[in-house]
Amino acid sequence: MSEVSLLSPVPNAPLPIRLLGRVVDWTVIAIGGTMAVLVFFNVSMHLVSKDLAWVTELGELLMVWVTFLGGACASQRGAHMSITEFIDKLAPVQRRWADALVQVLCLGMLAVLVRYGWSLVAGNWGNLLTVLEWPMAIQYMGMAVGCTLMAVFVAWDLTQILRGVPRDVRYPVVE
């Protein structure tokens with residue numbers, strides 16, 4: 001009897017990284033579900049010529065969060081789009097170093113996003129969202145948290161690459 005899972009498989013990783021990944025996965029599902037309910041509710045309100053501005057603003061805030069946390073979900077699975085036409089032609093040793101270089105560059109970009117993301121959060125606690133009147137920092141925090149999580153998953157992948165684990169073992173194809 002095969003086990004059915006609601007979530008797509010994740011690569012083998014230490015328990016803390018796997019748990020972190022599952023928390024991120026379920027958070028994305030919860031936010032996505034909440035957004036669907038909110039949008040349905042607001043569209044239904046339009047049928048009676050009503051509009052709730054707070055629903056729109058909360059939807060925008062949640063969209064930022066689900067976007068960046070979704071990026072973290074993709075990072076943990078090695079699922080971000082990549083063009084591997086040339087890199088696939090490399091010998092295994094060169095492929096390993098090319099993969100490592102790509103992940104180092106990704107970590108560098110993520111470091112910039114994490115640094116400036118948390119800076120935006122720190123600088124925007126006094127600015128309020130127009131309708132909800134919540135600190136704008138909560139919205140910016142979606143980027144900072146998401147990029148921080150992406151950096152964790154990319155760093156784990158880089159560790160695996162440097163240990164010599166090939167991509168097809170790090171991210172097995174599940175049918």
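# A tour of five helices

The crossing of helix 3 and helix 4 is left-handed. Start there. Select residues 92-123 for helix 3 and 137-162 for helix 4. You are looking at a predicted model.

**Stop 1: helix 3 against helix 4**

Keep both helices selected. Their axes lie 8 Å apart, and the packing angle is about 160 degrees. An angle over 145 counts as roughly antiparallel, so helix 3 and helix 4 are roughly antiparallel. Now colour the contact by residue class. In the contact of helix 3 with helix 4 you will find 26 nonpolar residues, along with 3 polar and 3 charged ones.

**Stop 2: the whole chain**

Zoom out. What does the protein contain in helices and strands? The count is 5 helices and 0 strands. Read from the N terminus, the order of elements is α-α-α-α-α. The C-alpha trace spans about 65 × 50 × 30 Å along its principal axes.

**Stop 3: helix 1 against helix 2**

Select residues 15-46, which form helix 1. Add residues 53-77, which form helix 2. Between these two, the packing angle is about 150 degrees and the axes are 9 Å apart. Helix 1 and helix 2 are therefore roughly antiparallel to each other. Their crossing is left-handed. The contact of helix 1 with helix 2 holds 16 nonpolar residues, 9 polar and 3 charged.

**Stop 4: along helix 2 to its end**

Hide helix 1 and stay on helix 2. How far apart are the end C-alpha atoms of helix 2? They are 36 Å apart. Helix 2 has 25 residues, and at 1.5 Å a residue it should span 36 Å, so the model agrees with the expected span. Step just past the end of helix 2 and select Gly78. The phi of Gly78 is positive, near 65 degrees.

**Stop 5: the largest pocket**

Switch on a surface. The largest pocket has a volume of about 520 Å³. Its lining is made of 27 residues. To find the centre, select His80, Ser82, Val102, Gln103 and Cys106, the lining residues closest to it.

Next, colour by element. Helix 2, helix 3, helix 4 and helix 5 (167-170) each give at least two residues to the lining of the largest pocket. Which helix gives the most to this lining? Helix 3 does, with 8 residues. By class, the lining of the largest pocket has 16 nonpolar, 6 polar and 5 charged residues.

**Stop 6: the largest cavity**

Go inside now. Rolling a probe the size of a water molecule over the atoms reveals where empty space is left. In this model, the count is 1 cavity of 30 Å³ or more. The largest cavity holds about 130 Å³ of space.

Select Pro11, Asn12, Ala13, Gln76 and Trp156 to land on it: among the 13 lining residues, these lie nearest the centre of the largest cavity. Helix 1 and helix 4 are the elements that give two or more residues to this lining. Helix 4 gives the most, with 4 residues. Colour the lining of the largest cavity by class to see 7 nonpolar, 3 polar and 3 charged residues.

**Last look**

Show the full chain again and highlight helix 4. Helix 4 packs against helix 3. Helix 4 also supplies at least two residues of the lining of the largest pocket, and it gives the most to the lining of the largest cavity.

Definitions and conventions
Residues are numbered from 1 along each chain as its sequence is written. This is a predicted model: local features need pLDDT of at least 70, side-chain atom pairs count only at pLDDT 80 or more; totals for chains, interfaces and linings use all residues. Side-chain values use heavy atoms; hydrogens and water are left out. The expected span of a helix is 1.5 Å times one less than its number of residues. Axes are lines fitted to C-alpha atoms, for helices over the stretch in contact, and angles run from 0 to 180 degrees between N-to-C directions. Angles under 35 degrees count as roughly parallel, over 145 as roughly antiparallel, 65 to 115 as roughly perpendicular and the rest as oblique. A crossing is left-handed if the near helix is turned anticlockwise from the far one by less than a right angle, and right-handed if clockwise. Ala, Val, Leu, Ile, Met, Phe, Trp, Tyr, Cys and Pro count as nonpolar, Asp, Glu, Lys and Arg as charged, and the others, Gly among them, as polar. On a 1 Å grid over the protein atoms alone, a cavity is a set of points where a 1.4 Å probe fits but cannot get out, and a pocket is an open set with protein on both sides within 12 Å along at least five of seven lines; lining residues have an atom within 4 Å of a point. Grid points are joined across faces, edges and corners, and a volume is the space filled by probe spheres set on the points.
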